[in-house]
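Visitor: Before we look at the model, I would like each term to be justified as it comes up. Could you set every value against its definition for me?

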Amino acid sequence: MQLTRRNLLLLSTASVAATAMGAFPAFASLTDDEIAKLTGGANLGEGAITLTAPEIAENGNTVPIEVSAPGAIAITLFADGNPVPNVATFNFGPLSASRSASTRIRLAQTQNVVAIAKMEDGSFQKALANVKVTIGGCGG
């Protein structure tokens, strides 16, 4: 192969692209890292939190999500396919009438939405819903 400017440009571009692809961790591992930071590595229980999300979202720009966890002091939502997985955190005070919230989130693609509730006793509860997105909301 003759080393011309064009070949050198192609080789350097390919090597930069290959290096960059190896440097990005999978989005799911970013979510796992964020959950580990939030919980301090504590075990996650299931069943005390309810996550309601559509099975299929026509448009990823506005996906309705509802969470409810009686006895929770905070609920954090994660979307494991988004570039920034931490979507929202809801904090509840001792005088909160209900420990529930609803919002609309943006999803880039079909992915899991994860809700983590910190309970009054210091334990953590987890709920997960898979949402199939037909039109991505983050530039898709």
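Guide: Two strands pair if DSSP finds at least two bridges between them. What follows concerns a predicted model, and in it S4 and S7 are joined by six bridges in the antiparallel sense, so that by the cut-off of at least two bridges they count as a pair.

Visitor: What makes S2 and S4 a pair, and in which sense do they run?

Guide: Three bridges join S2 to strand S4, residues 63-68, and the two run antiparallel; because the definition asks for at least two bridges, this is a pair. Within the two pairings of S4, Leu51 stands opposite Val67, and Ser68 stands opposite Ser100 in S7.

Visitor: Why are S2 and S7 said to stand at the edges?

Guide: The open sheet has three strands in the order S2-S4-S7, with antiparallel pairing. Strand S2 (50-52) and strand S7 (100-105) each have a single partner strand, so one side of each is left without a neighbour in the sheet. From one strand to the next, the twist averages 15°.

Visitor: What makes S1 and S3 partners of S9?

Guide: Strand S1, residues 44-46, is joined to S9 by three bridges in the parallel sense, with Leu44 opposite Phe124. Strand S3, residues 56-57, pairs with S9 over two bridges, also parallel, and Ala57 has Val133 as its bridge partner. Since at least two bridges are required, the two bridges of S3 satisfy the definition.

Visitor: How many bridges link S8 and S9, and what is notable about Gly122 in their hairpin?

Guide: S8 and S9 pair in the antiparallel sense over eight bridges, and Ala117 stands opposite Gln125 in S9. Four residues lie between the strands of this hairpin, where Gly122 takes a positive phi near 90°.

Visitor: Why is Thr52 called partly exposed?

Guide: Thr52, found in strand S2, has a relative accessible area of 41%; buried means under 20% and exposed means over 50%, so a value in between is called partly exposed.

Visitor: How do you know that Thr52 is in contact with Ile65 although they are 13 residues apart in sequence?

Guide: The C-alpha atoms of Thr52 and Ile65 are 5.8 Å apart, but contact is defined by heavy atoms within 4.5 Å, so the C-alpha distance does not itself settle the matter. Leaving aside neighbours within four places in sequence, Thr52 is in contact with Pro64, Ile65 and Glu66.

Visitor: What is the makeup of the largest nonpolar core, and which residues have the most contacts inside it?

Guide: The largest nonpolar core has 25 residues, and those with the most contacts inside it are Leu51, Ile65, Val67, Ile75, Leu77 and Leu107. Two or more residues come from each of S4, strand S5 (72-79), strand S6 (86-91), S7, strand S8 (111-119) and strand S9 (124-133). Apart from this core lies another, of five residues, including Ile35 and Phe78. Leu51, not counting residues up to four places away in sequence, touches partners including Ile65, Val67, Leu77 and Val113.

Visitor: Which residues of S4 form the covered face, and which the uncovered one?

Guide: Val63, Ile65 and Val67 form the covered face of S4, whereas Pro64, Glu66 and Ser68 form the uncovered one. In soluble globular proteins, nonpolar side chains tend to be buried together.

Key
Residues are numbered from 1 along each chain as its sequence is written. This is a predicted model: local features need pLDDT of at least 70, side-chain atom pairs count only at pLDDT 80 or more; totals for chains, interfaces and linings use all residues. Side-chain values use heavy atoms; hydrogens and water are left out. Axes are lines fitted to C-alpha atoms, for helices over the stretch in contact, and angles run from 0 to 180 degrees between N-to-C directions. A nonpolar core is a set of buried Ala, Val, Leu, Ile, Met, Phe, Trp, Tyr and Cys residues joined through side-chain atoms within 4.5 Å. Buried means under 20% relative accessible area, exposed over 50%, partly exposed in between (1.4 Å probe, protein chains only).
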